[in-house]
Amino acid sequence: MSAGKGRGGARGRGRGRGLEEEHVEHVDERWMASYMDMVTVLMCMFIVLFAMSSVDELKFVQLKNSLATGFGSVDVGKVDTATGVVVSAANANANDPAAQDLGTTGATSTSTATATATPAPTPALTDLQIATQEISDLTVVQAALQAAVTAQGIDSIVQFTIDARGLTIGLVGTDAFFAPNLATLSPKATAVIDALSPILAADKREVRVEGHADRHGVTLNYATDWELSSARATSVLRRLVESGGVAGERISAIGYGSTRSVTTADSLDAMAQNRRVDVVLLSSEPDAVRALIPSILAGQQAGP
């Protein structure tokens, strides 16, 4: 019995050794590296194809030529694979009608896009530039007003001044515009105001009529110079509005009496200069801009 067991055990061990001997390991598996490289290349190609799912014909032609040259199957002469520099469009498309058509279409599309592009915003002007432009605009208005009164032969009794407030039209020497101690407009005053009205009415700036008086201190028809200067300013305002067409919401009148004299001399000529009415076309620019106007004017008068 023990001998049988021994033989059986020996046969079992013999069969085990036979199975072990039948197992052969394949040590040469280098083919798998090439296979994995090929699979990787195929995966990259499918990724590229997926990325090009929205087909751009021009880019597709460029990719085709690049791949053909890269794999060495065709030398298209359009891509320098050594340095990655693409040759000029003229040389690249010289022998390729399809690429020429695509290039023409691309150029046309680019030109159209450029033509329809929104223009760049204009840079904001500085206060100095705005003040300079305001002086230019007021100078144009002054020239028109000067021409109007010159045509009527009454320019000698009208003075023009541009300053920080705007354009001042001085009706100098009220004896030419009003009867003594009265606020009734004379025929000459009416002619001056009627000549100025169309230009003032067309402008969008506000208008202020300022009445002034000399320091004589005695009036016959008014208690003080305040009332007299205010009444004369109001007479000019009414003529500008009622006959000249200046909008009422754009105009105002004020009387300064004798508090803003242009001269303190006691001569008759000096007192006549203080008896005046000023029509001021007020600048609508901010204070910071208007404050620059006097210095700009001084520089223009000084010259280069």
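## Helix α7: length and bend

Take helix α7 to begin with: its 16 residues, 187-202, should span 22 Å at 1.5 Å a residue, and since the end C-alpha atoms sit 24 Å apart, the two figures agree. Bear in mind that this is a predicted model.

α7 has a bend in it, too. The helix turns by about 35 degrees at leucine 196, and a proline, proline 198, follows within four residues.

## What α7 packs against

Leucine 196 turns up again among the buried residues of α7, which are Ala189, Thr190, Val192, Ile193, Ala195, Leu196, Ser197 and Leu200. These buried residues pack against a mix of helices and strands: α6 (127-151) and α8 (225-242) on the helix side, plus the strands β3 (158-162), β4 (166-171) and β7 (277-282).

## Where α6 meets α11

α6, one of the elements packed against α7's buried residues, also pairs up with α11 (residues 293-302). Here the axes come within 10 Å and cross at roughly 70 degrees. An angle of 65 to 115 degrees counts as roughly perpendicular, so that's the label for α6 and α11. As for handedness, the α6 and α11 crossing is right-handed.

Which residues of α6 and α11 meet? From α6, it's Leu128, Ala131, Thr132, Glu134 and Ile135, and they meet Ile293, Ile296, Leu297 and Gln300 of α11.

## The chain as a whole

Stepping back, the protein chain comes to 11 helices and 7 strands. It has 304 residues, and 30% of them count as buried. Looking at contacts between residues at least 6 apart in sequence, 69% join residues at least 24 apart.

Notes
Residues numbered from 1 in each chain as written. Predicted model: local features only at pLDDT ≥ 70, side-chain atom pairs only at ≥ 80, totals over all residues. Heavy atoms only, no water. Helix = DSSP H or I, 4+ residues; strand = E, 2+ residues; numbered from the N terminus. Expected span 1.5 Å × (residues − 1). Bend = angle between axes of the 7 residues up to and from the residue. Buried < 20%, exposed > 50% of the residue type's maximum accessible area, 1.4 Å probe, protein only. Contact = heavy atoms within 4.5 Å. Axes fitted to C-alpha atoms, helices over the stretch in contact; angles between N-to-C directions. Parallel < 35°, antiparallel > 145°, perpendicular 65-115°, else oblique. Left-handed = near helix turned anticlockwise from the far one by under 90°.
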